[in-house]
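Reader: I should like to understand how the descriptive terms are earned in a structure of this kind. May we take them one at a time?

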Amino acid sequence: MLVPFAKPCTSGRLLLKNTALNFLAQFLPLVVGLFAIPKLIGALGVERFGILTLAWAIIGYSSLFDLGLGRALTKVVAERIHCTEQGELGQLIWTGLLMMLMAGALGAAVMIGASSWLIHSVLKVSPQLQSETIKAFQYLALSIPIVILTTGLRGVLEANQLFALVTAVRLPLGILTFAAPWLLLVFSHSLVIIVIGLFLIRWLACIAQFLCVLWKYPVLLHGFRVRISIARLLLGFGGWMTVTNVISPIMSNLDRFLVGAIVSVAAVAYYTTPYEMITKLWLIPFALAGVLFPAFSSLAENPARLTYLLDRGVNYVMLLLFLPTLFIAAFARIGMRLWLGASFAANSALILQLLCLGVFINSISQIPFALIQGIGRPDLTAKLHFAELPLYLGLAYLLIREYGVQGAAVAWLTRAILDGIALCLIATRVLPSSTKPVQRASYRVVVALGFCLVALVLNGWFRTIFVAAVACAFVKVAWSSVLGEGERKVFTSRFKTATMADRAHVSASS
């Protein structure tokens, strides 16, 4: 298959390399988390750990306050890299960063003011932990401007496809997000001390990211200049992104707050632990979508290339995530029992199985989502999320009230399905040439979910035999029907090269 002409910043080899780097920066922290989370649960207790997971959620989704400026800055820089002077790019970057810092300060003020009300009136925190939790949330609020500013700095580097520099900062930051609370347990079990440690780590990451941007754009040292016209440009794109950035994190985290308010804070741990575990599969689509977004932004006038990247992106996500989803759906209870014990598994295994199906669907949806925003239509995703919010809020409330934490998982899965369908339909509207690839991908997703559901309900050896048979058939079909001829040649040549190198090494050793 002939690939349409691509600019150097969107060449297949560069995008593949950057996707791998982006994945690495998010995968290794997961490994640390697998070891740290059981230690944290044992040392802090279920309720304190539940509060810590809320703190992680606030840090991770503080983009709620960035007014869409992070994504807007990445898009505009990606569009102008090859046609704008360095001085103008410097003004663009400074303007965007200042606006993001101001938005972050506003978010911090809101969080500090709402901390007491949130702890006393919304979350069911036990009386003996309320004072400690309020202080922790207030210190946590001070991290919001830093996190948002770091996001803007990272966006500038991503627009230039400089994911090696991004990884150099993001990797240790991700590891320390899990490792620092674990290490601080030696000195204190206080949530306040843990949050202060996370705050200092975010400061160091922000400074490091800023130095990377200065290396790429030394013109920033020549003066701090802000232009109103650039601010209007960023707000024009970021306005609709603001709707998405406000609503999307709410929908992503609303369930755990509803569980804490309707059931108990202790029950949050039974929901967020499998949630945090399974959503790490997002590492793959987020890594790819994060690389494709600036590529889509720079190819808005090239529908053939856009369609090609969309098709391959969806296929790669499906190829990489189907087998993990199948195995988790089949063996979630066994895995949870080995990891966290029988009691925790009894409360969380079904949640993990339901969420893994939702994450699979949502992961594939990330590629059309990046396409729609990359070609300059964030209004469509914003309107979609605006329509979804009240429906999801009502559904989640009813199901959690009736079925507890399992109801939260069902609501999340339902939203993922409806959201995926809508994004695929929107993608075909904004890019008509993508209709056939989207239809083909939709059929494959339905078949894949059918296999996962069968694996979920089977037991014993029937389940093991079924999973093994499906896995073998999947590998065969993926190789012969999903991968293109050129991609098969690349894998074959790499395998031959590795084999010849091994043989040469053995011959030299003997």
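Author: Let us begin with helix α4, whose buried residues are Leu129, Gln130, Glu132, Thr133, Ile134, Ala136, Phe137, Leu140 and Ala141. This is a predicted model, in which local features need pLDDT of at least 70 and side-chain atom pairs count only at pLDDT 80 or more, while totals for chains, interfaces and linings use all residues. Residues are numbered from 1 along each chain as its sequence is written, and side-chain values use heavy atoms, with hydrogens and water left out.

Reader: Why is Phe137 called buried?

Author: Phe137 has a relative accessible area of 2%. Buried means under 20%, exposed over 50% and partly exposed in between, with a 1.4 Å probe and protein chains only, so Phe137 is buried. Phe137 belongs to α4; helices (H or I, at least four residues) and strands (E, at least two) are DSSP runs, numbered from the N terminus. Ser116 is 21 residues from Phe137 in sequence, yet their C-alpha atoms are 8.8 Å apart.

Reader: How do you know that the length of helix α4 agrees with its number of residues?

Author: The expected span is 1.5 Å times one less than the number of residues. For the 15 residues of α4 (residues 127-141) this gives 21 Å, and the end C-alpha atoms lie 22 Å apart, which agrees. Helix α5 (residues 143-159) has 17 residues, an expected span of 24 Å and end C-alpha atoms 24 Å apart, so agreement is found there too.

Reader: What makes α5 mostly covered?

Author: Of its 17 residues, 16 are buried. Just after α5, Gln161 takes a positive phi of about 55°.

Reader: What makes a set of residues a nonpolar core?

Author: Its members are buried Ala, Val, Leu, Ile, Met, Phe, Trp, Tyr and Cys residues joined through side-chain atoms within 4.5 Å. The largest such core has 156 residues, of which Tyr217, Tyr271, Phe360 and Trp412 touch the most other members. Helix α11 (residues 303-340) gives the most to this core, with 17 residues. A second, separate core has seven residues, among them Phe369, Ile372, Leu384 and Leu423.

Reader: Why is Asn315 called buried?

Author: Its relative accessible area is 3%, so Asn315 is buried. Asn315 lies in α11. Arg444 is 129 residues away from Asn315 in sequence, with 9.5 Å between their C-alpha atoms.

Reader: How do helix α12 and helix α14 run with respect to each other?

Author: Axes are lines fitted to C-alpha atoms, for helices over the stretch in contact, and angles run from 0 to 180 degrees between N-to-C directions. The axes of α12 (residues 342-374) and α14 (residues 405-430) come within 8 Å and cross at roughly 15°. That makes the two helices roughly parallel, because angles under 35 degrees count as roughly parallel, over 145 as roughly antiparallel, 65 to 115 as roughly perpendicular and the rest as oblique. The crossing of α12 with α14 is left-handed, a term for a near helix turned anticlockwise from the far one by less than a right angle, and right-handed is the term if clockwise. Their contact holds 22 nonpolar residues, six polar and one charged.

Reader: What about helix α13 and α14?

Author: Helix α13 (residues 378-403) packs on α14 at about 160°, with the axes 8 Å apart. So α13 is roughly antiparallel to α14. Their crossing is right-handed.

Conventions:
Nonpolar A, V, L, I, M, F, W, Y, C, P; charged D, E, K, R; others polar.
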